[in-house]
Amino acid sequence: MTRLQNMVRAAARHIVKADAVMPIVLRPACNEDFAFCVKLYLSAMANIIRDLKLDVTRQEENLRHLWEADQVQIVTLDGADVGWIQIAVQEFTLHLEQIFVEAPFRGRGIGTGLITDLIDQATRNGQPMTLAV
C-alpha cells in the first residue's frame with residue numbers, strides 16, 4: 001500500500017461513520033449531464049470565482065472545453081445525482097481531472113471513497129496516478 005493510499009484511508013476513517021452504508025453508484029455521463037455538472041462546478045467554485053473576480057461565462061466555457069462525457073461519471077446516491085468525477089488515461093497514467101460533490105453530501109466520505117477506489121484501481125493495474133490541482 002502506498003503512502004498516499006494510507007493517507008486517504010486514514011482520512012476516510014475520520015469522515016465515514018462505521019455504521020453508515022451509502023449505496024454510491026457511478027453511471028456514465030451523457031452530453032445531457034453537462035448542465036448538472038456545470039451547475040455543480042460553478043456552485044463549488046463560487047467563492048474562488050467571486051474572490052478572483054473571474055467571469056462566470058468564461059468559466060463555463062472553459063469547463064465545456066475540458067469536460068468530455070466519455071471521461072465523466074455521475075455519482076449517484078439512492079438514485080439521485082450528487083456529484084461527478086472526470087478521469088482520463090494519459091499515456092499509461094490514470095489522471096483525476098475533476099471531482100465534485102453537492103454541498104449537502106460533502107463530509108460523508110463520498111469523495112474520499114471515490115479517490116481511494118481510483119488509487120486501488122491504479123495500483124492493481126500498475127499505473128501511476130496523478131491529479132489536476
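1. A residue counts as buried when its relative accessible area is under 20%. By that cut-off, 35% of the 133 residues of this protein are buried. Please keep in mind as you read on that this is a predicted model. The protein exposes about 8,500 Å², and carbon and sulfur atoms supply 55% of that area.

2. A word on confidence before the details. Mean pLDDT for the protein is 85, with 83% of residues at 70 or more. Helix H2 has the highest confidence, at a mean of 97, while helix H1 (residues 3-15) has the lowest, at a mean of 40. Over residues 1-19 pLDDT stays under 50, although the model does have 20 contacts beyond four places in sequence for this stretch. Where pLDDT is low, predicted coordinates should not be read in detail, and I would treat the N-terminal stretch in that spirit.

3. Now the overall layout. The protein has 5 helices and 5 strands, and from the N terminus on they follow the order α-β-α-α-α-β-β-β-α-β. Among contacts with a separation of 6 or more, 63% are between residues 24 or more positions apart.

4. The sheet deserves your attention next. Its 5 strands are arranged as E1-E2-E3-E4-E5, and the sheet is open, with mixed pairing. Strand E1 (24-28) and strand E5 (129-131) each have a single partner strand and stand at the edges, so one side of each lacks a neighbour in the sheet. On average, and ignoring direction, neighbouring strands are turned by 30° against each other.

5. Look more closely at one pair within the sheet. Strand E2 (residues 72-77) and strand E3 (residues 80-90) run antiparallel and are joined by 6 bridges. Threonine 76 has aspartate 81 of E3 as its bridge partner. Helix H5 (residues 110-124) packs on the sheet and touches E1, E2, E3, strand E4 (93-101) and E5. The direction of H5 makes about 170° with that of E4.

6. Finally, is aspartate 33 buried or exposed? This residue is found in the loop between E1 and helix H2 (34-44). Aspartate 33 has a relative accessibility of 7%, which is under the 20% cut-off, so it counts as buried. Its side chain makes a polar contact with the side chain of arginine 27, at 2.9 Å. Beyond its neighbours within four places in sequence, aspartate 33 is in contact with Arg27, Pro28, Trp67, Ile74 and Asp81. Asp81 also appears in point 5, as the bridge partner of threonine 76.

Terms used. Residues numbered from 1 in each chain as written. Predicted model: local features only at pLDDT ≥ 70, side-chain atom pairs only at ≥ 80, totals over all residues. Heavy atoms only, no water. Pairing = 2+ DSSP bridges. Helix = DSSP H or I, 4+ residues; strand = E, 2+ residues; numbered from the N terminus. Axes fitted to C-alpha atoms, helices over the stretch in contact; angles between N-to-C directions. Contact = heavy atoms within 4.5 Å. Buried < 20%, exposed > 50% of the residue type's maximum accessible area, 1.4 Å probe, protein only. Polar contact = N/O pair within 3.5 Å; in protein donor to acceptor, adjacent residues only side chain to side chain. Areas by Shrake-Rupley, 256 points an atom, 1.4 Å probe, with all protein chains shown as cover. pLDDT = per-residue confidence, 0-100.
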